[in-house]
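Here is a short report on sheets, pairing and core packing. Look over the chain before reading on.

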Amino acid sequence: MTFRVGLLGTGPWAEIAHAPALSAHPGVEFTGVWGRRPAAAADLAARFDTRAYDDVDALIADVDAVAIALPPDVQAPLAARAAAAGRHLLLDKPLAATVGEARAVVEAAEASGVASVVFFTVRFDRTTGEWVDEQAAAGGWFTGRADWLGSVFAGGDSPFAASPWRREKGALWDVGPHALSVLLPVFGDVTDVAAVSGSGDTVHVALRHASGAASTATLSLTAPEPAAGVSVELRGERGVRTLPELGEGPVEALRNAIDALITAARTGQPHPCDARFALRVTETLASVEEALDKR
């Protein structure tokens, strides 16, 4: 049976990843698009041969699931609304801008019994996702570091440079979820944090985990372009392991996330990257933000 999915959002990420992935997925009926800018919704819908909706509730009523590509403070209430209507959720990171908003999404999804998947790119790229699963299963790690250094705000022509929420929340909330999507499965939940600010929006974070291990993360959207890049290194009983490069583009990784949502919806088995996991990520981000505010 075809899985009917509606897209909420018309920005760069919806254009680059969501619409192409939904349109090309053989198990999906790309039912329609809603956006806060009706003209943009009409344009995106026309390009991907689907329908533009003026009323978000009308789109929610016509689908089995919603895919959301909106700022976190807009995503969270719409996700809770869709879940309350019995719709499955394909969400983006961060889940919400506050812990309370993230918890409301989780509560709505669990109350309605709907499936949720949050698109952490590294976890849904087959190459890097399998690597994370292997390291988490292996165990024996005592420390690790994750450096997520982007140059979105350092010049160039990034389509995300004008994003108001990224300007407000910075690297901690934009790329911090990516780092945590690797560190939490490997080391366990965070029990204590420390953090200092660096140049621009750069943040240096130290984490203590429930396993007794400690990890660090350096996060930035203002790194000089020659210094930008992603690296993760784990050290433990099996020596040193480093995160491989992404093997797939965002469209293919998002198609994998769609597969995961369909499976979770049909089996009732939660996916490891569901809304509850994304809540843990949000709680950690908020704790880091609080540690920065105290300095």
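Contact here means heavy atoms within 4.5 Å. The model is predicted. By that contact rule, and leaving out residues up to four places away in sequence, Trp148 touches Val122, Val175, His178, Ala179, Val182, Thr218, Leu219, Ser220, Gly229, Val230, Val232 and Leu243.

Trp148 also stands out in the largest nonpolar core, which has 106 residues. Leu7, Leu8, Leu89, Trp148 and Leu219 have the most contacts inside this core. Helix 11 (residues 275–293) gives the most to it, with 9 residues.

Two open sheets are described next.

| Strand order | Pairing | Edge strands | Average angle between neighbours |
|---|---|---|---|
| 3-2-1-4-5-6 | parallel | strand 3 (51–53), strand 6 (116–119) | 25° |
| 8-9-10-7-11-12 | mixed | strand 8 (190–197), strand 12 (239–242) | 15°, direction ignored |

In the parallel sheet, strand 4 (residues 65–68) pairs with strand 5 (residues 88–92) over 3 bridges. Ala67 stands opposite Leu90 in strand 5.

The mixed sheet includes an antiparallel pair: strand 7 (residues 141–149) and strand 11 (residues 229–236) are joined by 8 bridges. Across this pair, Asp147 faces Ser231 in strand 11.

Which helix packs on the sheet and touches strand 7? Helix 9 (residues 176–187) does. Helix 9 also touches strand 8, strand 9 (203–209), strand 10 (214–220) and strand 11. The direction of helix 9 makes about 170° with that of strand 7.

How values were computed:
Residues numbered from 1 in each chain as written. Predicted model: local features only at pLDDT ≥ 70, side-chain atom pairs only at ≥ 80, totals over all residues. Heavy atoms only, no water. Core = buried A, V, L, I, M, F, W, Y, C linked by side-chain atoms within 4.5 Å. Buried < 20%, exposed > 50% of the residue type's maximum accessible area, 1.4 Å probe, protein only. Helix = DSSP H or I, 4+ residues; strand = E, 2+ residues; numbered from the N terminus. Pairing = 2+ DSSP bridges. Axes fitted to C-alpha atoms, helices over the stretch in contact; angles between N-to-C directions.
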